[in-house]
Number of protein chains: 2
Amino acid sequence: MQRKKLFIPGPVEVSPEILQAMATPMIGHRGLEYSALHGAVKPKLKKLLYTENPVFLSTSSATGVMEGAVRNLCAKRVLSCTCGAFSERWHEIALANGKEADPLSVEWGRAIKPEMVEERLATGRYDCLTLVHNETSTGVMSPLAAIAEVVRRYPEVMFVVDTVSSLAAVKIEVDRLGIDVCLAGVQKAFGLPPGLAVCSVSKRALERAATVKNRGYYFDFIEFKEYDDKNQTPCTPAISQIFALNTQLERMFKEGLEARFERHLAMAKRCRAWASAHFGLFPESGYESVTLTAVSNTRNVDMKHVEAELAKRGKEISNGYGKLKNKTFRIAHMADCAPAELEGLLRELDEIVG
Amino acid sequence: MQRKKLFIPGPVEVSPEILQAMATPMIGHRGLEYSALHGAVKPKLKKLLYTENPVFLSTSSATGVMEGAVRNLCAKRVLSCTCGAFSERWHEIALANGKEADPLSVEWGRAIKPEMVEERLATGRYDCLTLVHNETSTGVMSPLAAIAEVVRRYPEVMFVVDTVSSLAAVKIEVDRLGIDVCLAGVQKAFGLPPGLAVCSVSKRALERAATVKNRGYYFDFIEFKEYDDKNQTPCTPAISQIFALNTQLERMFKEGLEARFERHLAMAKRCRAWASAHFGLFPESGYESVTLTAVSNTRNVDMKHVEAELAKRGKEISNGYGKLKNKTFRIAHMADCAPAELEGLLRELDEIVG
């Protein structure tokens, strides 16, 4: 099969320099070399997340840490904000771990709004809220800062945010917003191969975790903290991905974080303009994702044909997710994707569906 | 720092060809390319494990699957066979997941014996037994076949075996032995970078899992099975490691499994002879590991000196684990390690401590 450049919302296209970092010869995870690597990555992650909280490395996909967060932080009841497949899954994960949880649901394509959160938190039933910032299944970005302002008024409520497909593409000021757990996988806007997740954990989240029973072991935040303090992880980590992460964080700072965020926003605007001109945008107006554009397939084009034609040209986009298959399709523009590469893709889409 | 060739019991030295497989360009995990890769790996893993059971890929260290196994399979009470740090940790993991569990403990350096298992299982209290085949902290290999014979007489008991540092170095006939879950990380005898675990799960284990509550999501065997049937994983997998695994399994079959097992046994015998001549062996006689030699530091040599001298020569072995630090040291001889490389190491150790 011909190699295809990925414009799918994760795993994303990985730069050659990062692929080569994945081939770094192995080191022991209890030796000085690993501690030096871990210690080099830590301050860089804090800078990227605008936080003084520790940022842990979890050898798992982000889903593992989503599970860990509810196991560690919910002693009473979770409010699961759901607006698509991944946020709904998180609600199911809470239930699968024996947690009491209620969904705050909106229709796929709509965003979670601060007033909805306010209404539910005011009941006093919850000690944990889970929010997917950028719902990859619908291309909707919920208004994080406005929701954070509401959640901060409920000090008992742990604010757990999945930024799987927004972190490193959008400025997320963890400390200013008061996010207790901010988590992401590295195969989206970080531009790395999958297999590693990162999560910042606040002091009060660690204090809560210490009081919660049945946290398990593999995603136990208390264990994460104990080893992170020694520049290690509780279990053998995905060392290759951590080498790649260290290199990629350097590249991000070289580009400049503000420039990086602007590049992502510019590509999003360009892709939305293209989508609006040819089709329509699926998300509620004003809540379109910055990292992927969910296009309403208003002309009912044959997605199999589009995918096959793009494959001939060595490129790949994503069909709609689950029940949105063929009704929408998704173009991702994140990580190391350059505006010129997006232009190239859109030109080819013009040829195919224009 | 000078690059050191690893003779530590994981992560092990990784061959250049495998490192390059880690740098394979990325593919989507819901597309045909990934399914083809997953589908190529499956029969190879079954061949390596001598099983018709599905062998799942878990994006985690082996510890994650150890946790998953007790969460999925124990509805009553776990018997945790403990003979070192990693088997003791497994017992703690069972407790940390709210399971009832009792240890069957022997002193570090001793092996678990079939008659000990028989005595405990005869009480009828247990529905799950966890055994670490090759205890990496003590260099002890417990007699798997003899223990399996006992466990098979208790059909209610799920037989869960951690073969983290023995699978792919020693013949483990999963189906013949009646192992319900056989799990391993890939950074030991497989010779891959860490970040992925494999586990075979029997039909009756899947049937048991279906009846057990609070299995969680990330390590839910039922989810593993559902996606594995489609040549996918429930969450985004460590695709780079799976590319490397596919390449490495091919290399294993090219060497020949019997030849591979013989190579490991020959290196173990050679290393034991060296250790006996210069020091002593830490494990109970007859239960020495085939993949690492735990040496009793009978001459009380300064391990810091040994490590520093070896580092100058670009090599690394392991000090004893935890409470065995300085009292023992460990030389690993597994995965792609060639007998000539072990000879080279032993010659240098002769210079340093001879």
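In this predicted model, in which local features need pLDDT of at least 70, side-chain atom pairs count only at pLDDT 80 or more, and totals for chains, interfaces and linings use all residues, B:G280 touches B:S296 and B:T298, leaving aside residues up to four places away in sequence. Two residues are taken to be in contact if their C-beta atoms, placed from the backbone, lie within 7 Å. Residues are numbered from 1 along each chain as its sequence is written, while chains are lettered from A and ligands numbered from 1 in the order in which they are written.

B:G280 belongs to strand β11 (residues 280–281) of chain B, where helices (H or I, at least four residues) and strands (E, at least two) are DSSP runs numbered from the N terminus. B:G280 is partly exposed, with 13 other C-beta atoms within 10 Å; a residue counts as buried if 20 or more other C-beta atoms, placed from the backbone, lie within 10 Å of its own, as exposed if 12 or fewer do, and as partly exposed in between. B:A294 stands 14 residues from B:G280 in sequence, and the C-alpha atoms of the two are 8.9 Å apart in space.

**The two chains**

Chain A is superposed on chain B by a rotation of 180 degrees with 0.0 Å of shift along its axis, at an RMSD of 0.0 Å, which is the relation of a two-fold axis. The superposition is made by least squares on the C-alpha atoms of residues with pLDDT of at least 70 in both copies. Between the chains, 45 residues of chain A are in contact with 45 residues of chain B. On the side of chain A that touches chain B, at least two residues each are supplied by α1 (16–22), α3, α4 (85–96) and α10 (239–255) of chain A. The residues of that side divide into 20 nonpolar, 19 polar and six charged, where Ala, Val, Leu, Ile, Met, Phe, Trp, Tyr, Cys and Pro count as nonpolar, Asp, Glu, Lys and Arg as charged, and the others, Gly among them, as polar. Because 100% of the interface residues of chain A are also interface residues in chain B, the copies meet through the same surface.

**Domains within chain A**

The domain assignment, which is automatic or taken from a database, divides chain A into domain 1 (5–12 + 257–353) and domain 2 (17–253). The C-alpha centres of these two domains of chain A lie 26 Å apart, and their contact takes 26 residues from domain 1 and 26 residues from domain 2. On the domain 1 side, α11 (257–278) and β12 (292–296) of chain A are the elements that give two or more residues, and α11(A) provides the largest share, four residues. The residues of this side of domain 1 divide into 15 nonpolar, six polar and five charged.

**Core and helix packing**

In soluble globular proteins, nonpolar side chains tend to be buried together. A nonpolar core is here a set of buried Ala, Val, Leu, Ile, Met, Phe, Trp, Tyr and Cys residues joined through C-beta atoms within 7 Å, and of the 242 residues in the largest such core, A:L183 and B:L183 touch the most other members. Not counting residues up to four places away in sequence, the residues that B:L183 touches include B:A62, B:V65, B:M66 and B:C199.

Helix α9 (residues 221–228) of chain A has A:F221, A:F224 and A:D228 as its buried residues. They cover an arc of only 55 degrees around the axis, so they sit on the same side of α9(A), the arc being that of the directions from the helix axis to the C-beta atoms. These buried residues pack against β2 (55–58), α3 (62–73), β10 (197–201) and α8 (203–211) of chain A.

**Backbone exceptions**

Most residues other than glycine have a negative phi, and most peptide bonds are trans. The table lists places that depart from this.

| Place | Feature | Value |
|---|---|---|
| A:G10 to A:P11 | cis peptide bond | omega about -10 degrees |
| B:G10 to B:P11 | cis peptide bond | omega near -10 degrees |
| A:A168 | positive phi, not a glycine | phi about 85 degrees |
| A:N326 | positive phi, not a glycine | phi about 70 degrees |

A:A168, in the loop between β8 (158–162) and α7 (174–177) of chain A, is buried, with 29 other C-beta atoms within 10 Å. A:N326, in the loop between β14 (318–319) and β15 (328–332) of chain A, counts as partly exposed, with 13 C-beta neighbours inside 10 Å.
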